[in-house]
Structure formats: structure tokens, C-alpha cells
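Please walk me through this structure, one region at a time. I have not seen it before.

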Amino acid sequence: MAIGFFDFHSQSLRRCVTFRVILPNDVPDELKQQNPHFQRPMKTLMLLHGYSGSCSDWVNGSLIAELSNKYHLAVICPAGENSFYLDGKEAGRKYGTYVGEELIQYARKTFGLSDRMEDTYVGGLSMGGFGAIHTGLLYNHTFSKVFALSSALIVHNVEKITPGFEDPAANYDYYKMVFGEPSELSDSVNNPEELIRRIQKEGDRMPAIYMACGTQDFLIQENHLFRDFLTERGVEFTYHESSGEHDWVFWNQYLEPAVKWLLECE
């Protein structure tokens with residue numbers, strides 16, 4: 001298994017950026033023969049970190065390297081900074097384009113990964129859970145499936161804020177920069193619910209969605225609201241909830257089940 005840092009110049013972000021890669025490309029032949037996942041082409045998972053995190057979070061905090069080897073899964077971990085993986089109007093802030101178009105295309109070309117939608121997934125936690133859902137919906141012909149853990153689905157919180165607002169995470173100016181004008185967010189492409197409405201209106205492809213959140217997580221109500229929205233809209237999805245907080249204990253508990261769901265294996 002190869003684990004590395006890679007730097008390249010991003011046109012979307014207008015600077016040199018760093019991302020992590022995990023490639024199960026050195027598994028001994030005898031182990032490959034015993035593992036059915038190596039009897040098919042390698043799959044690819046774009047894995048998104050949370051607020052205030054880095055491209056190394058999943059490598060350092062989770063079992064993803066072990067699962068990469070076990071399930072013949074290439075993993076790409078970008079640095080999303082605190083962008084919620086959305087395109088900003090400012091120059092050098094097209095984080096959605098970076099993850100959903102530029103980086104996945106670059107990784108496919110550089111590492112010889114499959115260019116098939118069916119072989120390509122996106123997942124994340126917290127801010128990255130929001131990013132995974134949003135990216136999967138916006139680029140629904142690039143990513144076939146989405147998993148989102150403890151997702152920061154805070155659109156309905158943000159749309160209510162006014163100038164002068166501040167919470168422990170950020171202030172009004174930050175939220176406006178990231179999400180756009182709060183009062184216009186409901187109908188914006190930055191709102192995953194609006195993307196679902198547009199997909200359904202156009203009769204377009206809906207990616208499969210897997211969600212999990214801990215009952216003690218401070219984002220549990222936001223996850224309930226999105227779960228209920230999916231139900232009301234008749235969107236097929238998988239949702240899990242159990243005792244747990246907003247931490248690696250919970251995320252590691254659901255990481256392998258999420259990967260197995262992506263791959264449709266027992």
C-alpha cells in the first residue's frame with residue numbers, strides 16, 4: 001500500500017495545493033488471490049475532512065488505510081480548508097469545482113484510476129459530510145454513491161442569520177462568504193435540498209446516499225431534518241443512528257459499514 005502527499009497547481013484554487021493518496025498497489029499476489037475485491041478493477045473514494053481539518057485527518061484518525069487494502073479502494077483526500085466544498089465568488093475559491101471536477105480528473109489521469117461513475121464515490125464527515133452530499137448531487141454523473149457521517153447540514157441555520165451574528169465556529173461574514181447571501185440560500189445551488197429538487201424536476205440521476213449520525217451529536221437535529229426531507233421527496237437513502245458523539249469513535253464505527261455499502265458487499 002502506498003500512502004503519499006502530492007502537490008500540484010490547481011486552476012480552480014489558483015495556487016499549489018496538497019492532497020493525500022492511498023493506493024493498494026503493492027498487495028502480494030497470494031493475498032490478491034484470496035481476496036475477491038482484487039478480482040475487479042480498483043474503485044475510487046474521494047474522502048472529505050471536516051471544519052478546521054486537513055487532508056491528513058482521515059489518514060491519521062481513521063482506519064481508511066487498512067480498509068483501502070482490504071477492499072481494493074483508492075482513496076483521495078483533498079484539503080478543503082473551511083470551504084464546505086462550495087464554489088466561492090472570490091478568485092481562487094472554487095472548492096466545489098476543485099473536488100468535483102479538477103482533482104478527480106487529475107487523480108484518474110495521474111494514478112490510472114477508473115473514469116467510470118460506477119467506480120467512483122465521495123464520502124466525508126461533518127463539514128465533509130455536507131461536502132460529500134453536495135458534491136455527489138452537483139456532480140451526479142461523476143460520483144455514483146455518497147456517504148456522509150455526522151454531516152454539518154446547516155443550511156437552515158445559516159439562512160436565518162443576520163449581520164452581527166456569531167457562534168463558537170464562525171461569524172456572519174464567514175457564513176456569507178462561504179454560502180452566499182443567507183436570505184437567498186434556500187433556492188441556491190449551495191443548498192443540497194435545492195439540488196435534489198432540481199434533479200427531480202429534470203428527471204436526472206439521483207446518487208445513492210448513506211448517512212449516519214450519533215444521538216449525542218450536536219448536529220443530530222440537522223441530520224433529522226435532511227433525513228425527513230429525503231423521505232418527503234421520495235429519495236431512496238440509507239440512514240443509521242446510534243449512541244455516539246461528534247468524534248472518531250463514532251466515525252470509525254461507521255466507516256467500514258459505509259465502505260461495504262458503497263461496494264455492495266457483506
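Where is the place of Tyr85? The model is a predicted one, and in it Tyr85 sits in the loop between β4 and α4. Tyr85 is buried, with a relative accessible area of 0%. Its phi is near 60 degrees, a positive value in a residue other than glycine. Most residues other than glycine have a negative phi.

Ser83 is also found in the loop between β4 and α4. Ser83 counts as buried because its relative accessible area is 1%, and buried means under 20%. Two polar contacts involve the side chain of Ser83. One reaches the backbone oxygen of Gly80 at 2.6 Å. In the other, a polar atom of the Ser83 side chain lies 2.9 Å from the backbone nitrogen of Tyr85. Leaving aside neighbours within four places in sequence, Ser83 is in contact with Arg93, Tyr95, Met127 and Val178.

One of these partners, Tyr95, leads into helix α4, which covers residues 95-111. Of the 17 residues of α4, 12 are buried, so the helix is largely enclosed by the rest of the structure. The buried residues include Tyr95, Gly96, Thr97, Tyr98, Val99 and Gly100. Also among them are Glu102, Leu103, Ile104, Ala107, Arg108 and Phe111. What do the buried residues of α4 pack against? They pack against the strands β1 (2-10), β2 (15-23), β3 (43-48), β4 (73-78) and β5 (120-125), and against the helix α5 (127-138). The helix α4 has a kink of about 35 degrees, centred on Glu102, and Glu102 is itself one of the buried residues. Just after α4, Gly112 takes a positive phi of about 65 degrees.

A positive phi is also found in another loop. Ser52 lies between β3 and α2 (57-61), and its phi is near 70 degrees, a positive value in a residue other than glycine. Is Ser52 buried or exposed? Its relative accessibility is 61%, so Ser52 counts as exposed, the cut-off for exposed being over 50%. Tyr85, by contrast, is buried.

The next stop is the empty space inside the model. Rolling a probe the size of a water molecule over the atoms shows where empty space is left. How many cavities of 30 Å³ or more does a search of the whole structure find? The search finds one, and about 90 Å³ of space lies in the largest cavity. Its lining is made up of Phe130, Leu153, Val155, His156, Asn157, Asn191, Pro192, Glu193, Glu222, Leu225 and Phe226. These residues divide into six nonpolar, three polar and two charged. Three helices, α6 (155-158), α8 (192-202) and α9 (220-232), each supply at least two residues of the lining.

Of these helices, α8 can be followed further. Asn191, a lining residue of the cavity, caps the N-terminal end of α8, with a side-chain oxygen 3.0 Å from the backbone nitrogen of Glu193. Glu193 lines the cavity as well. The buried residues of α8 are Pro192, Glu193, Glu194, Leu195, Ile196 and Ile199, and what covers them includes α5, α6 and α9. Just after α8, Gly203 takes a positive phi of about 65 degrees.

Ile196 of α8 also takes part in a contact with Val235, a residue in the loop between α9 and β8. Val235 is buried, with a relative accessible area of 7%. Leaving aside neighbours within four places in sequence, its contacts are Ile196, Gln200, Met206 and Leu230. Val235 and the cavity-lining residue Val155 are 80 residues apart in sequence and 19 Å apart in space, C-alpha to C-alpha.

The walk ends in strand β8, residues 237-242, which holds Ser242. Ser242 is buried, with a relative accessible area of 18%. Which side chain does a polar contact of 2.7 Å join to that of Ser242? The partner is Tyr254. Not counting residues up to four places away in sequence, Ser242 touches Cys213, Gly214, Thr215, Phe250, Gln253 and Tyr254.

Conventions
Residues numbered from 1 in each chain as written. Heavy atoms only, no water. Helix = DSSP H or I, 4+ residues; strand = E, 2+ residues; numbered from the N terminus. Buried < 20%, exposed > 50% of the residue type's maximum accessible area, 1.4 Å probe, protein only. Polar contact = N/O pair within 3.5 Å; in protein donor to acceptor, adjacent residues only side chain to side chain. Contact = heavy atoms within 4.5 Å. 1 Å grid on protein atoms, 1.4 Å probe; cavity = no way out; pocket = protein on both sides within 12 Å on 5 of 7 lines; lining within 4 Å. Points joined across faces, edges and corners; volume = space filled by probe spheres on them. Nonpolar A, V, L, I, M, F, W, Y, C, P; charged D, E, K, R; others polar. Bend = angle between axes of the 7 residues up to and from the residue.
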